[in-house]
Amino acid sequence: MDRKASTPKPATVYLKDYQPPAWQIEAVELEFDLDPQATRVRSRLQFRRAPETGPDTPLHLDGEALELLGIALDGEPLTADRYRLDEAGLEVRGLPETGVLEIETRINPSANTELSGLYTSSGNFCTQCEAEGFRRITFYPDRPDVMARFTTTLRADKVATPVLLSNGNPIASGELEDGRHYVTWQDPFPKPCYLFALVAGDLGWIRDRFVTRSGREVDLYIYVQKHNLDKCDHAMASLKHAMRWDEEVYGREYDLDRYMIVAVDDFNMGAMENKGLNVFNSRYVLARPDTATDADYQNIESVIGHEYFHNWSGNRVTCRDWFQLSLKEGFTVFRDQEFSSDMNSRGVQRIGDVNILRTHQFREDAGPMAHPVKPDHYVAIDNFYTVTVYNKGAEVVRMLHTLLGTEGFRRGCDLYFERHDGQAVTTDDFVNAMEAATGVSLQQFRRWYDQAGTPELELERHYDPQARTCALTLRQHCPPTPGQSDKQPFHIPVAMGLCDREGRALPLRLYGEAAAGGESRVLELCREEETFVFQDIPAEPVPVLLRGFSAPVKLALDYTDAELALLSAHERDPFCRWEAGQTLARRLLLTHPPQALDADTARPLIEAARRTLADTALDPALRALALTLPAEGYLAEFVDPIEPEQLHTARQALRLTLSRALRPDLEACYEQLTETGAYSPDAASAGRRRLRNLCLSYLIACEDDSAYQLALRQYEQAGNMTDSLAALQALVNSDCPQREAVLEDFYSRWQQDTLVVDKWLSLQATADRADTLERVQALTGHPAFSLTNPNKVYALLRAFAQGNPVGFHQASGAGYRFIGEQIRTLDGRNPQVASRLAAAFTDWRRYNPTRQAGMRTELEKMRDAGGVSRDLYEIAARSLG
Ligand code: 0A1
Ligand code: ZN
């Protein structure tokens, strides 16, 4: 069916149309009679007309998939002429300036497959209200600038549903007739409805206590399904670390008597910062050494931190409208990145964060979905929980930190929280506070919020031996993005240094300065082109730019291979040091055909790798990062068109060359790092495992029996999931005759643990085999898979579409057809998950004509399908342009 003939085009929402709310809700009382098929929701809304609002202005209440049972004003039922009900909600006319509206609705949580609003997961009730899920619970002005005090009463069967939770503190509870019971919760902080939550079910919990620095006692709870109670300790420890860190680094204390976290298996995203009652995807809570990898432990710490930090950056101060999403998300990602840096290794964290940004965000910024950190229009806001809003948004906050310094930035944050506590504000308010607290003008800096696209920086260097000066000319340019053809120059902080030919740092004195100002400094590039002249430079130096990746830009440097080798051996900034090695590897991969990537061609890289393997003074995690070849997704940014097979073959060829040339070194390093003690997820131990498992993955590239035996032995003897999974992955990607048997063994051992089964699915979806597509297709019928569980869809289908470029982009187009069909099926059940999966098609123009045609056909089918969701329509239509 053609969508245009059947369904009107979904409406676009524009930032320029923002109007403050005509009505405020001062207090809400909610009563839930919980039942899986028919939950009744009674709400009492204490409303007040805003002073600027005319007396005839109706009150609009959003509502979606609700059955209206009754409506009354100040105790009197409302007659039908006073309100109008349509698909978007309810409009009530002729209201007094203030009063109480009572509304009763009925909803069906067990039929809620979108997982937005109130739904059931493993028989328990839970909610997801961000961004616009509250309107699927009751009629309400579902916008973040309407903030109210919530009191919530939950009633349910006492045996089936012993635990009844909502935001704030419990103020009453008791028994009811017919075996039911109730609990009433009160949240003293006014909040937008997207922060509302309820959870009810038969859950177990662990409990702990945190004393804030002013001496307040806070009860901490983690609720899970009872069989998972032995997997909560790491999450609880992470929470306490996060609470302490926010006090120490930002001076922010927790504000309620209790903090609750609930883990659920069915969740569209990672986790949600509902006031005092965070709901988490169970993958970001549950960990035990035998079931979770080091990466899982790390992610749990980071997501627990992220949601906790939202209590201030998001909840106490929230967003005026959804265009301001990065106000809370960019800032909070910056905060969680810094938290992880302080808990683990700063260098490793930064390289990981830059990798995500450059592989995913740069790609988004260069494609049809490119949008500013503060978008100016959307069809479905759920599509804008993007790497641009989150990760580029965090880079923008990081640049503010770099420009203002740690103390200036902290003063700015203090002022921001002080000025706006209890308010719904904009990214401009955030920058204003930074300016007011420091006196630094950020007028031009604001462009980072409004202009999409990744700026490109070019460096020209000139050394004058007579004058002993080194002139660095920096030029910036930003390519056009959809709807923004001309860009104004950005305000770009460039952290830099100069070093001599032995790798020693040189003191930096800019022309006109009386004395050198250290060996590292931040240049501010504001115009399209600027020249910085350094004095007293005895010989031609090697410039080191973007230390710590100080700005989200692409930097073109004309380094010689010798300069790159020097930096990769001596540069003190971990990011720049790593980057130099990656650039060397990238040059090799992109300038030679795979068959030419032999030991002769790769000699400089082999020697650098040999030194790294033996450099026991260097953090093993940094050594592992230095030895990891650039990802295919990152290499793709440098070629046109993208030929996935070519990139893959080149990378595999270089891996084999390194493996053969370094075999004894790899074996020695592997043996040296063998550990026997009890598992600990700390950064140092995880770093050692990372390096050891990287050695294993190189060794198995040789495809011989001794490497297979090594991997099989590790699989059998592993005392933790990190080592077990790394061995399994090495085997699955090899031709080892036992690979199928080991895969089966893994499944039979772990089939009861849904999160471990996700790993098993992903391994197969990303396997480097000719028959992976057929395997993935077959797995959609396996009892371990379910299209209704987002984690399963991500583990199998997204892993294939986004983590297996060779399989997905196979020349026959079969990968496209398969994923396209899955997306269309999924769209009828869960549009958010469907549109996330559709992201695999958005940059179809980057491929050759045959692939373009295959991808475009699928996008057209999505866009034109009858009854397509707003979410999927927007992704498909924007992609097609
Ligand atoms: N605010 C959450 C992310 C989140 C967003 C939307 C959701 O449902 C559509 C769920 C969670 C965070 O940043 O952690
Ligand atoms: Zn967030």
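Questions and answers on a predicted model follow.

The model is predicted, with local features needing pLDDT of at least 70, side-chain atom pairs counting only at pLDDT 80 or more, and totals for chains, interfaces and linings using all residues. Residues are numbered from 1 along each chain as its sequence is written, and chains are lettered from A and ligands numbered from 1 in the order in which they are written.

Student: How much helix and strand does the chain have over residues 453-556?

Tutor: UniProt places "domain: Peptidase M1 alanyl aminopeptidase Ig-like fold" there, from an unreviewed entry. UniProt positions use the numbering used here, feature names are shortened, and annotations may be inferred rather than shown by experiment. Helices (H or I, at least four residues) and strands (E, at least two) are DSSP runs, numbered from the N terminus. The end C-alpha atoms are 16 Å apart, and the span is 0% helix and 42% strand.

Student: How much helix and strand is there over residues 561-880?

Tutor: In an unreviewed entry, UniProt gives this span as "domain: Peptidase M1 alanyl aminopeptidase C-terminal". Its end C-alpha atoms are 41 Å apart. The content is 69% helix and 0% strand.

Student: How far apart are the end C-alpha atoms of residues 235-448?

Tutor: UniProt lists these residues as "domain: Peptidase M1 membrane alanine aminopeptidase", again in an unreviewed entry. The span is 56% helix and 9% strand. Its end C-alpha atoms lie apart by 35 Å.

Student: Are α16 and α18 roughly parallel or roughly antiparallel?

Tutor: Two packed helices are described by the angle between their axes and the distance between the axes. Axes are lines fitted to C-alpha atoms, for helices over the stretch in contact, and angles run from 0 to 180 degrees between N-to-C directions. Helix α16 (residues 683-700) and helix α18 (residues 721-732) have axes 10 Å apart, at an angle of about 15°. Angles under 35 degrees count as roughly parallel, over 145 as roughly antiparallel, 65 to 115 as roughly perpendicular and the rest as oblique, so α16 and α18 are roughly parallel.

Student: Which residues of α18 meet α16?

Tutor: Two residues are in contact if their C-beta atoms, placed from the backbone, lie within 7 Å. From α16 come R689, N693, L696, S697 and I700. Their partners in α18 are T722, D723, A726, A727 and A730.

Student: How many residues of that contact are nonpolar, polar and charged?

Tutor: Ala, Val, Leu, Ile, Met, Phe, Trp, Tyr, Cys and Pro count as nonpolar, Asp, Glu, Lys and Arg as charged, and the others, Gly among them, as polar. The contact of α16 with α18 divides into five nonpolar, three polar and two charged.

Student: Is the crossing of α16 and α17 left-handed or right-handed?

Tutor: The axes of α16 and helix α17 (residues 705-717) come within 9 Å and cross at roughly 145°. A crossing is left-handed if the near helix is turned anticlockwise from the far one by less than a right angle, and right-handed if clockwise. The crossing of α16 and α17 is left-handed.

Student: Which residues of α17 meet α16?

Tutor: L696, L699 and I700 supply the α16 side. The residues they meet in α17 are A707, L710, A711 and Q714.

Student: Where is E703, and is E703 buried or exposed?

Tutor: E703 is in the loop between α16 and α17. Its phi is near 55°, a positive value in a residue other than glycine. A residue is buried if 20 or more other C-beta atoms lie within 10 Å of its own, exposed if 12 or fewer, and partly exposed in between, with C-beta atoms placed from the backbone. E703 has 12 such neighbours, so E703 counts as exposed.

Student: Which residues of α20 meet α19?

Tutor: Helix α19 (residues 739-750) and helix α20 (residues 754-765) pack at about 165°, with axes 9 Å apart. They are therefore roughly antiparallel. F746, Y747 and W750 in α19 meet three residues of α20: V756, V757 and W760.

Student: Which residue does a cis peptide bond join to D640?

Tutor: Omega of this bond is about -10°. The partner lies in the loop between α13 (632-635) and α14 (644-661). That partner is P641.
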